[in-house]
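Visitor: I am new to this one. Could you show it to me and take a few questions?

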Amino acid sequence: MRLFRLSRLFRLSRFPGLVPALVLSCAAMHVLADDAAPGVSAPAPAAAATATATAIDPDDLFQKNCALCHGPDRVGRMGPALLPQSLERLSGRELDAVLRQGRVATQMQGFAGQLSEDELNALAHWLRTAPAQTPQWTRLDMDSTHWVEHAPGTLPAKPVFKADARNLFVVVEAGDHHLSMLDGGTLEPMARFPTHFALHGGPKFSPDGRYVYVASRDGWITKYDLWNLVQTAEIRVALNTRNLAVSDDGRWVLAGNTLPETLVLMRASDLEPVRVYPVTGADGKPSRVSAVYDAAPRHSFIVALKDTPAVWEIGYARKKSAAALTPRKLALPEVLDDFYFDQRYRHILGASRAGSAQVIDLNSGRRIAQLDLSGMPHLGSGITWRTGDGGHVMASPNLKKAQITVIDMDHWKTVAEIQTNGPGFFIRSHEQTPYAWTDAMMGPKYRDTLQIIDKRTFKVAGSVTPSPGKTAAHVEFTRDGRYALVSLMAPLSEGGAIVVYDAATWREVKRIPMSKPVGKYNVYNKTMRSSGTSH
């Protein structure tokens, strides 16, 4: 397996004054993530003053100990942004541990013994609090971070390996912030890339499967050439990014952001930003982006807004310039936090965090049905399949209830509620298997067990428990559907791995050690829009 170390030195020149500051104030060099220059040891944190009766000023603590690497305004420099939106994936306990113990193999050394417990607690609480002035991220900021290592057309247009390039898996390892490539034929790792802190779990592929694009929570968009096993370009488009989508013609990448409230359109070839859309509702107030997807058969991007009841459609067919990509804005009865396309991409099934769900006809721009769903359905992780009588159904996990809801997509009616071990996040299948696999990772119990549902009978047919006590979730199948790959979401030191099962017998085939693999994505299944996975 090839290992890669991404040089960070070029990033220093993007932030004025940072290089002199490194010389004058090296004592403050601590990074709260693996996004630091590898192999460089950092000096110990500045010694904290003995706690006194004087009120603790967390802003002062931050400026003295953290600002050099994370920026005085907390938007990030060498280290990631330390804003509430950036830290939402860290539990309070995890943040406390990082502040005290640091992160292994990075420049982030712990502050236990350097700062008092009261100071550490005050700093942790302050980091969870929004700044008095909302940070901004402009086009000039984007341009200062844009970097192209391999210009379009400069790399060979064929894979440098013998493996089936369409049966590769991209694995997001959240434990140590890496992206791994896995050969779906041999089930062996091929390459490993360092990434930014907290990647979003859904990488997106170019139509031919050659390139993969990933987004970090703090706004970095990175492009990798899977055929040549190299990173080609990256840019920071925001301070907090929701997700990204790649157009079906391979020309455009669209990133949806929550801070600032924007959409950023980039050329897919080199990630050059070509248009920034301020996202606002009908009342003119800014809205965060809830989700961005490519509706391939429609040749358009679909954008759901988080703070206003609307969906935008941005068509790109036969559009020669970014200026021609104008949003079509559809007003809705309710806000959509999550949605799912039917196989024709004419309808979207949308749900709100309040639990209500609706069906929107994208052609007319109107709601055509209300779905009878309870709890908090996670439609975005749903799947579809054809029933024995020729109909189509969609199955959705539920974030609050222990059930899978099955919806008749011809009549928009609930036809089954399959009781499960607990609230779950994912359900996955493949065209070549009669079974769907689902987790209970959102519940208090049975997080270590996956249940296997018979798609013909809508009943639980069996279960697997890869490692008792360890969370098991996110199944993805090989290109031919022969094997089901399951994530054991634990650090490498605690048994984190991809567990491979025979999809027909449900027997374990092998384990591939990984560091908290939160998701894995098969190139063929994604680019061919398999009905057994999300897109």
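What follows is a short tour in questions and answers.

Guide: One note before we start. This is a predicted model.

Visitor: What is the order of the strands in the open sheet of 5 strands?
Guide: The pairing in this sheet is antiparallel. Its edge strands are S2 (147–148) and S6 (204–205), and each pairs on one side only. Reading across the 5 strands, the order is S2-S9-S8-S7-S6.

Visitor: How many bridges join S7 to S8?
Guide: S7 covers residues 211–215 and S8 covers residues 220–225. The two strands run antiparallel. Alanine 215 has isoleucine 221 as its bridge partner in S8. Between S7 and S8, the number of bridges is 5.

Visitor: Which residue in S8 is the bridge partner of tyrosine 213?
Guide: The strand to search is S8, which is joined to S7 by bridges. For tyrosine 213, the partner there is lysine 223.

Visitor: Which residue takes a positive phi in the hairpin of S7 and S8?
Guide: This hairpin has 4 residues between its strands. The phi in question is near 95°. The residue that takes it is glycine 219.

Visitor: And in the hairpin of S8 and S9, which residue takes a positive phi?
Guide: S8 and S9 run antiparallel and are joined by 6 bridges. Across them, tyrosine 224 stands opposite glutamine 231 in S9. The hairpin has 4 residues between the strands, and the phi is near 60°. The residue is leucine 229.

Visitor: How many residues of S8 are buried?
Guide: Look at both faces. Trp220, Thr222 and Tyr224 point one way, while Ile221, Lys223 and Asp225 point the other way, and all are buried. S8 is mostly covered, and the count is 6 of its 6 residues.

Visitor: How many residues are in the largest nonpolar core?
Guide: Among the residues with the most contacts inside this core are Tyr213, Ile221 and Met266. S7, S9 (230–236), S10 (240–246), S11 (252–259) and S12 (262–267) each supply at least two of its residues. A second, separate core of 21 residues includes Met181, Leu199, Phe205 and Leu229. The largest core has 23 residues.

Visitor: Which valines does methionine 266 contact, leaving aside neighbours within four places in sequence?
Guide: Its contacts include Ile221, Ile235, Trp252 and Leu271. Arg251 and Glu272 are also in contact with methionine 266. The valines are Val237, Val253 and Val274.

Visitor: Why is one side of S22 and of S25 left without a neighbour in the sheet?
Guide: These strands belong to an open sheet of 4 strands, ordered S22-S23-S24-S25. S22 (383–386) and S25 (413–419) stand at its edges, so each has a single partner strand.

Visitor: Which residue in S23 stands opposite tryptophan 385?
Guide: S22 and S23 (residues 392–396) run antiparallel, with 4 bridges joining them. Opposite tryptophan 385 stands valine 393.

Visitor: Is serine 515 buried or exposed?
Guide: Serine 515 lies in the loop between S33 (508–513) and S34 (517–522). It touches residues including Glu173, Asp176, Arg192 and Pro491. Its relative accessible area is 6%. The cut-off is under 20%, so serine 515 is buried.

Visitor: How many Å apart in space are serine 515 and histidine 177?
Guide: In sequence, the two are 338 residues apart. In space, C-alpha to C-alpha, they are 8.5 Å apart.

Notes:
Residues numbered from 1 in each chain as written. Predicted model: local features only at pLDDT ≥ 70, side-chain atom pairs only at ≥ 80, totals over all residues. Heavy atoms only, no water. Buried < 20%, exposed > 50% of the residue type's maximum accessible area, 1.4 Å probe, protein only. Contact = heavy atoms within 4.5 Å. Pairing = 2+ DSSP bridges. Core = buried A, V, L, I, M, F, W, Y, C linked by side-chain atoms within 4.5 Å.
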